[in-house]
Amino acid sequence: MKNSLLKRSIGVGALFFLTVMNGQSTETIIRDHISNDASFKGVSKTVEFKILNEDNSASLKANVVDVQQTVNGIPIYHSLAKAIIKDGKMWSFNNNFDTVQNVSKYSKPNSVTSAFSSVITNLGLDEVNYKLIADGVVVDNPTADQVANFAYYYQKDGKLVPARLFFIDDSKNNAFWQVMVNLENNEVLEKHNMVISCNFHDDAYAASEDGGHVHNHFLPAFVENQINTAHKAATAVASASYNVFPFPIEAPTFGSRSILTDPWDLGASPLGWHDTGSANYTYTRGNNVWAYFDNAGTNTPPNTDITDGGSAMNFNFPYAEGQDISAYDNKHAAITNLFYSNNMVHDVFYRFGFTESSKNFQTNNFDKGGRGNDAVRAEGYDGSGYNNANFNAGYETESTVAAPRMQMYLWKSGTLGLKQKLFYNSPEEAVTRPGVAAGAGNFGKVLFSIPTTGDVAIPNVANG
C-alpha cells in the first residue's frame with residue numbers, strides 16, 4: 001500500500017474545525033501517555049511527533065491513530081507508532097520510537113544535486129533516458145532543481161543521519177523506485193521497487209500429464225453475506241450489468257462467465273462503480289478504477305476503442321476460446337473483467353478496513369478522510385511485454401497524490417494466449433487459404449493489435 005511515512009489526512013470544508021479539535025485532543029492524550037509510560041522513563045529529550053492519520057474503527061469502537069516521530073520537525077524514517085484511543089483513554093501504544101535521538105554532528109551535508117546523482121548511478125540510469133515524478137508531474141531526464149525529494153533523519157550506527165528520500169519512475173523497466181540517501185556521504189541507505197510484479201515463462205499454465213494448476217481461493221462467508229445484504233439496499237444508483245467470471249472464479253480454467261447486475265457493495269461504493277459524484281461514465285471508468293486498453297504501452301487511456309456499455313450500461317461482450325481465436329477478439333470482455341475485478345477487490349478490502357481514511361484508492365472520498373484523486377489505472381493488454389502483471393501503489397505526500405497503476409500483459413504461448421498469424425492478401429488464389437500460425441521473432445518490434453503488411457519474396461529453387 002502507500003508509503004505510511006508520507007501519509008497525512010486533511011480536514012475538508014465544514015469538518016475542518018472538528019478535525020482540528022479532535023487532533024488537538026488526540027495529541028494531548030498521546031503526549032500524556034509518553035510522559036507517564038515506563039518505556040519512556042529516563043529519556044532526557046522531549047519526544048516530538050506528528051499525527052499522520054486518525055481512523056475511527058467501528059469494530060473496535062475506538063480511534064486508530066498513526067503517529068510519526070520527528071526531530072526538529074523532520075521525520076525519523078521507520079520511527080512510527082500505532083495508537084488505539086477509546087473513550088478519551090489510551091488503550092494501546094505500539095511504537096518503535098528512537099528514545100536516544102542522537103543526531104549526527106555533521107559539518108555540512110552534501111547537496112541534493114550530488115545525492116541525486118548518486119541515486120541515478122546506483123540505479124544504472126545515468127546512461128539512459130529516465131523519468132522522475134516531480135510534484136506529481138512526470139519529467140524526462142530532470143535537472144537537479146526538478147528533483148522531488150523529502151527530508152528525513154535515518155537511524156544508522158546509533159545516530160540519526162540527515163537523509164533524502166527520492167521517488168524515481170523508471171518506466172522503461174516497469175520500476176518505480178523509492179530511494180533513501182545519506183547526505184553525509186551520498187550512500188544509498190535503502191531502495192525499494194514499489195512495483196509488485198509477477199513473471200511467468202511461456203506455457204506456464206499449459207496442461208501437463210501431472211495435472212493442472214489448482215487454486216482454492218474463496219471469500220469469507222461473513223464478507224459475502226455483508227456484500228449480498230448491501231446489494232439489496234434501496235438506492236438511486238444507475239443500474240449496470242457485466243458478463244464476467246464472478247468471484248471467486250479466478251480464471252476461465254476454473255469456471256464459466258455469468259451476467260451480474262449491480263454487483264457493488266453500497267457500503268464501500270455508495271454511488272456504484274461508474275459515478276464519482278461529479279461525473280458519470282458509461283464505460284469502464286468510475287470512482288475506484290479506470291480500466292482501459294493500453295496495447296501501445298503509453299500508460300495513458302485511449303481516445304477511441306473504449307469498452308463502453310452504452311446508455312443501458314450493459315457490459316456483455318463476446319468471449320471465446322480456441323487455437324484459431326486471437327486474444328484481441330476477447331478484448332472488451334477482458335477489460336470488463338478487469339474493471340469488475342478491481343472494483344470487487346476495492347469493495348471486499350473496504351470491509352476489512354481499507355477505507356478512505358486508511359488511504360484506499362478512490363477519486364471521491366465522500367468527506368470520509370484521506371485525500372482522494374487516486375483511483376487505480378488498470379491497463380489491460382499492456383504493450384510493454386508478455387507473461388507478466390504488476391502493480392504500483394503510487395504515493396502520497398502533504399502536497400502530492402500519485403495515483404496507482406496496474407499493468408496486465410498478454411500471454412506469449414504456442415498453445416495459449418496470443419496467436420500471431422500470417423494471412424495472404426495476394427495473389428488471388430492464395431487469399432482463401434487459412435492463416436498460418438507463426439511464433440514471435442527474436443528481432444524487430446513486437447507485433448500487437450496493429451498488423452504489419454509487406455511483400456514476401458519467394459526464392460527460386462534453382463538458384464536459391
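**Note on the predicted model, starting from Trp177**

1. Trp177 stands opposite Asn193 in strand β10, and this pairing is a convenient place to begin reading what is a predicted model. On the other strand that pairs with β9, the residue to look for is Ile168, whose bridge partner in β9 is Trp177. A further neighbour of this tryptophan is Lys191, which lies over the face of Trp177 at 5.8 Å from the ring centre.

2. The strand that holds these pairings together is β9, covering residues 175-182, and eight of its eight residues are buried. Are the residues that point to either side of β9 buried or exposed? Ala175, Trp177, Val179 and Val181 point one way, Phe176, Gln178, Met180 and Asn182 point the other way, and all of them are buried.

3. As for its partners, β9 is joined by eight bridges to strand β8 (residues 159-170), and the two run antiparallel. Five bridges join β9 to strand β10 (residues 188-193), again in an antiparallel arrangement. Strands β9 and β10 form a hairpin with five residues between them, and in that turn Asn186 has a positive phi of about 65°.

4. It helps to place this region within the whole chain, which contains five helices and 22 strands. Of the 464 residues in the chain, 41% are buried, and the accessible surface comes to about 25100 Å², with 53% of it belonging to carbon and sulfur atoms. Among contacts between residues at least 6 apart in sequence, 58% join residues at least 24 apart.

5. Helix α4 (residues 331-351) deserves a careful look. What span should its 21 residues have at 1.5 Å a residue? The expected value is 30 Å, and the end C-alpha atoms are 31 Å apart, which agrees. Because 16 of the 21 residues of α4 are buried, the helix is largely enclosed by the rest of the structure. After α4 comes Gly353, whose phi is positive, near 105°.

6. Lys331, which belongs to the range of residues given for α4, lies over the face of Phe293 at 4.4 Å from the ring centre.

7. The structure holds 22 aromatic pairs. One of them is formed by Phe245 and Tyr319, which meet edge-to-face, with 5.6 Å centre to centre and 90° between the planes. Phe245 lies in the loop between β12 (241-244) and β13 (258-261), while Tyr319 lies in the loop between β15 (314-315) and α4, so the pair ties together parts that are 74 residues apart in sequence. The two partners should be described separately as regards cover: Phe245 is buried, with a relative accessible area of 10%, whereas Tyr319 counts as partly exposed at 29% relative accessibility.

8. Trp273 and Tyr340 make another aromatic pair, and it is edge-to-face because the ring centres are 6.1 Å apart and the planes stand at 65°. Trp273 lies in the loop between β13 and β14 (289-293) and Tyr340 in helix α4, so this pair ties together parts that are 67 residues apart in sequence. Trp273 counts as buried at 0% relative accessibility, and Tyr340 counts as buried at 2%. Both residues also belong to one aromatic cluster, together with Tyr242, Phe247, Trp264, Phe315 and Phe339.

9. Strand β16 (residues 376-380) is another covered element: four of its five residues are buried, so it is largely enclosed by the rest of the structure. Five bridges join β14 to β16, and these strands run parallel, with Trp290 standing opposite Arg377 in β16. Strand β16 also pairs in the parallel sense with strand β20 (residues 405-408), over three bridges, and here the bridge partner of Glu379 is Gln407 in β20.

10. Finally, Lys41 should be looked at in a loop, the one between α1 (16-36) and β1 (48-57). Is Lys41 buried or exposed? At 55% relative accessibility, Lys41 counts as exposed, because exposed means over 50%. Leaving aside residues up to four places away in sequence, Lys41 touches Ser35 and Asn36. The C-alpha atoms of Lys41 and Thr99 are separated by 9.5 Å, although these residues are 58 apart along the chain.

Definitions and conventions. Residues are numbered from 1 along each chain as its sequence is written. This is a predicted model: local features need pLDDT of at least 70, side-chain atom pairs count only at pLDDT 80 or more; totals for chains, interfaces and linings use all residues. Side-chain values use heavy atoms; hydrogens and water are left out. Buried means under 20% relative accessible area, exposed over 50%, partly exposed in between (1.4 Å probe, protein chains only). Contact means heavy atoms within 4.5 Å. Accessible areas come from the Shrake-Rupley method with a 1.4 Å probe; for residues, only the protein chains shown count as cover. Two strands pair if DSSP finds at least two bridges between them. The expected span of a helix is 1.5 Å times one less than its number of residues. Rings of Phe, Tyr and Trp (its six-membered ring) pair if their centres lie within 6.5 Å; planes under 30 degrees apart count as stacked, over 60 as edge-to-face and the rest as tilted. A charge sits over a ring if NZ of Lys or CZ of Arg is within 6 Å of the ring centre and within 35 degrees of the ring normal.
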